[in-house]
Structures are given as C-alpha cells and as structure tokens.
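Q: Please take a close look at the aromatic side chains of this model. Which rings pair with one another, and how are they arranged?

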Amino acid sequence: MNKTELIKEISRLTGVSSKKTSRIIDSLLKIITESVKEGDKVSLHRFGAFHITTNASRLAYNISTGSVESRPVTKRLKFEPSKDFKKSVNEKAQKIVTTINESIKIEYG
C-alpha cells in the first residue's frame, strides 16, 4: 500500500475528503519527522515507536585497499513495533503459511 492508497482508504473509512486526509497525513509525518530529528522518541500506542540510535565507532576492513579503517559514530533511525502490532502481523503470516501448506500436496511415486 502506498500513500495514495492509504489516503483513499482512510477517506473511505472516515468520510473525510481525500484532500483533508492528505493534509492530515502530511502533517502527521512532518510532526513525527521533526520530533525524531530533535532526538525525541515518538510512540504510537498499539503500533510502535520511532527513535534514533547511536552506533559506536568501529574498525572495518576495506576490501579494495586491504587496510583496516576506523568508521565514525553513526546515527540510525529505528522503528520498534508494539507487541500488539507484532502479534497481529505474526498471526496473519501464520494463517497464510498454514493455507499454503494445506494447498500443497506432495506425492511420492
């Protein structure tokens, strides 16, 4: 699902126009982005949390030169799904796998 499909689905479910829904989603994403940039953790109940993690500097092997180089400290965006979200996704995935397994018949001759 892309952003346009998301806007259409939210608009359909809520009865709010697509234009207003688009502005709401754009505002939501802007607020989340700005908050995470400032170092805040953004938590969405029953969905997950966005935050920045810092990886320590490290030594890395450069294949092209054959030397060991120092890599600087890096910051990364991390998303941690909530337990409810993970459970929901895992249950759906398990149902799909079970359906696929039941539909495959292997015959040995």
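A: The account below begins with the chain as a whole, turns to the aromatic rings, and ends with a patch on the surface.

The model is predicted. The chain has 3 helices and 5 strands, and along the sequence these elements follow the pattern α-α-β-β-β-β-β-α. A radius of gyration near 13 Å would be expected for a compact globule of 109 residues, but the chain has 22 Å. Along the principal axes, the C-alpha atoms fill a box of roughly 60 × 55 × 25 Å. Of the 109 residues, 13% are buried. Among contacts with a separation of 6 or more, 30% are between residues 24 or more positions apart.

Against this background, the aromatic rings may be examined. A pair of aromatic rings is described by the distance of the centres and the angle of the planes. The count comes to 3 aromatic pairs. One of them joins Phe47 and Phe85, with 4.9 Å from centre to centre and 50° between the planes, and this pair is tilted. Phe47 lies in the loop between strand S1 (42-44) and strand S2 (48-55), whereas Phe85 belongs to helix H3 (residues 83-103), so the pair ties together parts that are 38 residues apart in sequence. Phe47 counts as partly exposed because its relative accessibility is 33%. Phe85, with a relative accessible area of 30%, is likewise partly exposed.

Another pair is formed by Phe50 and Phe79: the ring centres are 4.9 Å apart and the planes stand at 45°, so this pair is tilted. Phe50 is located in strand S2 and Phe79 in strand S5 (residues 74-81); the pair therefore ties together parts that are 29 residues apart in sequence. Phe79 is partly exposed, its relative accessible area being 30%. Taken together, Phe47, Phe50, Phe79 and Phe85 are linked into a cluster by ring pairs.

The nonpolar surface completes the picture. The chain exposes about 9400 Å², of which carbon and sulfur atoms supply 56%. On the surface, Leu59, Tyr61, Ile63 and Val68 form a nonpolar patch whose accessible area together is about 520 Å². Within this patch, Leu59 lies in strand S3 (residues 58-62). Leu59 has a relative accessibility of 65%; the limit for exposed residues is over 50%, so Leu59 counts as exposed.

Terms used
Residues numbered from 1 in each chain as written. Predicted model: local features only at pLDDT ≥ 70, side-chain atom pairs only at ≥ 80, totals over all residues. Heavy atoms only, no water. Patch = residues over 30% accessible without salt bridge, like charges linked within 9 Å, V, L, I, M, F, W, Y side chains within 5 Å. Areas by Shrake-Rupley, 256 points an atom, 1.4 Å probe, with all protein chains shown as cover. Salt bridge = Lys/Arg side-chain N within 4 Å of Asp/Glu carboxyl O. Helix = DSSP H or I, 4+ residues; strand = E, 2+ residues; numbered from the N terminus. Buried < 20%, exposed > 50% of the residue type's maximum accessible area, 1.4 Å probe, protein only. Phe/Tyr/Trp six-rings, centres within 6.5 Å; stacked < 30°, edge-to-face > 60°. Rg over C-alpha atoms; globule rule 2.2 N^0.38 Å. Contact = heavy atoms within 4.5 Å.
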